[in-house]
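Please read the following alongside the sequence and the 3D view. The explanation begins with one chain and then turns to its contact with a partner.

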Amino acid sequence: MLNPDSVGRTFEGAESVTVSQSEIDAFCAVLSENNTTVAPPTFSIRITLEQSQEILSNPEIGLDWSRVVHGDQRFDIKRPIVAGDTFKCSSTIENYKVAAGNEIVTVRSDLHSEGQLVVSTWSTLVVRA
Amino acid sequence: MIQVGTILEEKIFYVDRAILKAYADASGDQNPIHQNEEFALSVGLPNVIAHGMLTMALAGKFVTDWAGGSVAVKEFSARFVKPVIVPADQKVDLTVSGVVSEVDGERIKIDISATSAGVKVLGMSKAVVVK
């Protein structure tokens, strides 16, 4: 079970992450997107998934990542991501509830580059009973 | 002219195991339920399933093709209601369609539908674009 004290807390990613052109190229290739000058709208999941996984796996928080199913996802995009962006990621556990034995956790992640907010994402994760 | 009710022409994407592998590498999501049939069956799934985020990324491609590129998208959301099931050596469809549900100045809201094998896979999926 998630530690209720972690709800509402914000966790800072340990390291900043720099986006390379080859990462954008690989993501575009999957989608047959020919314009690789900017990243596709869902690209930021590559950064936020790993960061939120790291944060939520912290024993202090107590999420059982092996039983997680992705419930829903939302992106608020201030500007497209481009190669060379260096992001600091902060994740906040915005909401937590238990329904029919399943834990439902909403995590917001903000990606900042040079102090500017570029993308906010909300992931709802369901930890199956 | 774009107005409420304007239809975005349906598009069919095809999903196979190769694209799941490519997406796993591109996204960093190497969960074996998206690549390993034996593992997927062992956790009670009917077969290997596509990443929900791949389904969403393809729905995003549908939107950006219509809106004039990745730069157009300001908001994008979806609920993963059912998985896209991807048996070995098959290409399964992801059929995406959309309709304009709101026009507010230059911001256009699109309601997106996505099905695979006739089953709805994304729910409540919406995008806001500036075209």
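Why does a radius of gyration of 15 Å for chain A, with its 129 residues, agree with a compact globule? The model is a predicted one, and for a compact globule of 129 residues a radius of gyration near 14 Å would be expected, so the 15 Å of chain A agrees with that description. Taken along the principal axes, the box filled by the C-alpha atoms of chain A comes to roughly 45 × 30 × 20 Å. Of the 129 residues in chain A, 36% are buried, where buried means that 20 or more other C-beta atoms lie within 10 Å of the residue's own.

The secondary structure of chain A consists of 2 helices and 6 strands, and along the sequence these elements follow the pattern β-β-α-α-β-β-β-β. When contacts in chain A are restricted to residues at least 6 apart in sequence, 70% of them join residues that are at least 24 apart.

The partner comes next. Chain B places 27 residues in contact with 25 residues of chain A, and the elements of chain B that contribute two or more residues to this side are α1 (17-27), α3 (52-67) and β2 (73-80). By character, the residues on the side of chain B that touches chain A divide into 13 nonpolar, 8 polar and 6 charged.

Strand pairing also links the two chains: strand β3 (residues 68-77) of chain A pairs with β2(B) in the antiparallel sense, over 5 bridges. To find a bridge in the 3D view, the reader can look at A:R74, whose bridge partner in β2(B) is B:S77.

Note on methods. Residues numbered from 1 in each chain as written. Chains lettered and ligands numbered in written order. Predicted model: local features only at pLDDT ≥ 70, side-chain atom pairs only at ≥ 80, totals over all residues. Helix = DSSP H or I, 4+ residues; strand = E, 2+ residues; numbered from the N terminus. Rg over C-alpha atoms; globule rule 2.2 N^0.38 Å. Buried ≥ 20, exposed ≤ 12 C-beta atoms within 10 Å, placed from the backbone. Contact = placed C-beta atoms within 7 Å. Nonpolar A, V, L, I, M, F, W, Y, C, P; charged D, E, K, R; others polar. Pairing = 2+ DSSP bridges.
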